[in-house]
Every structure is written in C-alpha cells, then in structure tokens.
Amino acid sequence: NCAYQTQKRYKIFCDCIKDHIGFIKLNELAPATIEQFYANLEKEKITLKSGEKKRHYKNGTILKTHKMLHEALKKAVLWGMIPKNPADYVSAPADDKREIQTWSLEEIQTFLNLIKGSKLYLPVFIAANTGMREGEICALRWQDIDFENNYLKVNHTMIRKDGRLLLGEPKTEASKDKVFLTKSLKKELENVKDRQKYISYKLSKNNFQFVCCWYNGRPLSTTY
C-alpha cells in the first residue's frame, strides 16, 4: 500500500530487472550475473531528440533497483524457492552525489516580485511560507485551511493518472501534520478567497474548492 507516484517509480525498477535479467531462472541467478547487470546499467545510454546521448539510469536509480532486487530475493529465500540470496554477495551500487542549493530570503523575494501577477505567484508564495511539496500545494482546498486557528492541513497531493488530475495520499504520514500560517500567508490566502468569492458572485456559480486554480476552478497541475 503506497502512493500512486511511488508505485510508478517501483514499476520502473521492476521493469528494469525484468528487461535485463528476467529471462534467467531464479535458481541460476548468480552474484556475478547481478554485478554484470549493474555494470550494464551504468553503461546504458539513450539518445535525446537533440541527438545528445546520456545515461539511461542514474546511480540512484541503480541503487534503488538493487534494493528492490535484494528484497525480492530475500523473500524467495523465506519462501524456500532458493537456499540463499545471491544479492547478499554483491556490493551495492554507489548513490548519486547531490548538492542541495537553497535560496536566501532576498532571492526568494526577488523571484516573487518577478512573477507577481502570474498564476505561479500563489503556489510559490505558499511554498516559500510552508515548505510544502508542489503536489500538496496544488491539492490544497479551502476546507483544509482553518483561518480562525491559523493553520492548514495537508490532506492530499495532486497526481496525474490516465491524463486526469486526481487527489492522492500525501507522500508520508508526517506530511499530514498541521502547517501554521504566517501573517503574510494568511493575508494572501484571505485576499485570494475574497477574489474567488467575487468571481463566484459575478458568475452566480461557485466553482472554487481549490486554492490554486484557474478562473473556472480547475486546479493547477504540478507540471504547470
């Protein structure tokens, strides 16, 4: 039981295993074969539309594929399908080196000034004040916000499935904690709600349940 986006990532790892070593019988899978599998993944290239070639699988993807294969083989041992786990004798691939860069408050404010008046402004403003993920921001509804007690609840995340935008479960249980509203965020949200009420009054129809949405009430996509 896991979130839809996580299921999609797991399928990538499963397909990778199946496509490369799925033809090998379980009792014939040797550590050397697994080592060669990882080495082949490191060398595999794809060609972009521009003609440029790049690695198909990053180190992080290969490491996650290793973890999934190891767990699957561990289960096979428990079920008596094989006597021991060949992945136990294989070195885990190295992970990607990541350098996280953050913006200063001045940089955030400069960017907000540049996009003020655009549809990007509100979701970016919410992100800057809460640290919420883009899917959680797009899924934020007015019923999730308690103005009286100055907090909002992350109840859903926006996912795209079969071409449709749907509400899914947040990435982690911890994501469902209360997020307290800063004074500036509360004021901005109140202004947005007033504008939506005005549009609803003019149209004699209330289409607005999402905070970040188009003029017809349709929620923003995370890929906007």
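A salt bridge here is a side-chain nitrogen of Lys or Arg within 4 Å of a carboxyl oxygen of Asp or Glu. With that cut-off in hand, the pair D15 and K18 makes the list, since its N to O distance is 3.9 Å and the limit is 4 Å. The model is a predicted one, and a search through the whole of it turns up four such bridges.

Helix 1 is a good place to start. K11 bridges to D15, with 2.8 Å between the closest N and O atoms. These two residues sit four apart in helix 1, so about one helical turn separates them. D15 and K18 are likewise both in helix 1, this time three residues apart, again about one turn of the helix. Through shared partners, the bridges tie K11, D15 and K18 into one network. As for how open these side chains are, K11 has a relative accessible area of 52% and therefore counts as exposed, and K18 is exposed too, at 54%. D15, with 23%, is partly exposed.

Elsewhere in the chain, R141 and D144 also meet in a salt bridge, at 3.9 Å from N to O. The setting is a buried one for both partners: R141 has 11% relative accessibility, and D144 has 5%. Both values fall under the 20% line, so both residues go down as buried.

Back in helix 1, which covers residues 4–21, there is an aromatic contact to go with the charged ones: Y10 and F13 both lie in this helix, three residues apart, or about one turn. Six aromatic pairs are counted in total. In the Y10 and F13 pair, the ring centres are 6.5 Å apart and the planes make an angle of 45°, which puts the pair in the tilted class. The two rings differ in how much they are covered: Y10 is partly exposed, at 41% relative accessibility, whereas F13 is buried, at 8%.

F13 also leads to the packing between helices. Among residues beyond four places in sequence, T65 touches F13, C16, I17 and F37. T65 belongs to helix 3, and its relative accessibility of 1% makes it buried. Its partner F37 is part of helix 2, which spans residues 31–43. F37 is buried as well, with a relative accessible area of 3%. Setting aside neighbours within four places, the contacts of F37 are C16, I17, H20, I21, T65 and L69. C16 and I17 thus turn up in the contact list of F37 and in that of T65. For a sense of how the chain folds back here, F37 and H66 are 29 residues apart in sequence, with their C-alpha atoms 9.8 Å apart in space.

What lies beyond the end of helix 3? Helix 3 covers residues 59–78, and W79 sits in the loop between it and helix 4 (105–115). W79 is exposed, with 63% relative accessibility. Together with L26, L78 and M81, W79 makes a nonpolar surface patch of about 480 Å².

The sheet comes next. Strands of a sheet pair through backbone hydrogen bonds, and the pairing may be parallel or antiparallel. In this model, three strands form an open sheet in the order 3-4-7, with antiparallel pairing. Strand 3 (145–146) and strand 7 (178–180) are the edges, each pairing on one side only. Strand 3 is joined to strand 4 (residues 151–153) by two bridges, and these strands run antiparallel. Two bridges are just what the pairing rule asks for, which is at least two, so strands 3 and 4 count as paired. On the residue level, I145 has L152 of strand 4 as its bridge partner.

Finally, there is helix 7, which runs over residues 183–203 and holds Q196. Is Q196 buried or exposed? At a relative accessible area of 8%, Q196 is buried. Its contacts, not counting residues up to four places away in sequence, are W142, F208, F210, V211 and C213.

Definitions and conventions:
Residues numbered from 1 in each chain as written. Predicted model: local features only at pLDDT ≥ 70, side-chain atom pairs only at ≥ 80, totals over all residues. Heavy atoms only, no water. Patch = residues over 30% accessible without salt bridge, like charges linked within 9 Å, V, L, I, M, F, W, Y side chains within 5 Å. Areas by Shrake-Rupley, 256 points an atom, 1.4 Å probe, with all protein chains shown as cover. Buried < 20%, exposed > 50% of the residue type's maximum accessible area, 1.4 Å probe, protein only. Contact = heavy atoms within 4.5 Å. Phe/Tyr/Trp six-rings, centres within 6.5 Å; stacked < 30°, edge-to-face > 60°.
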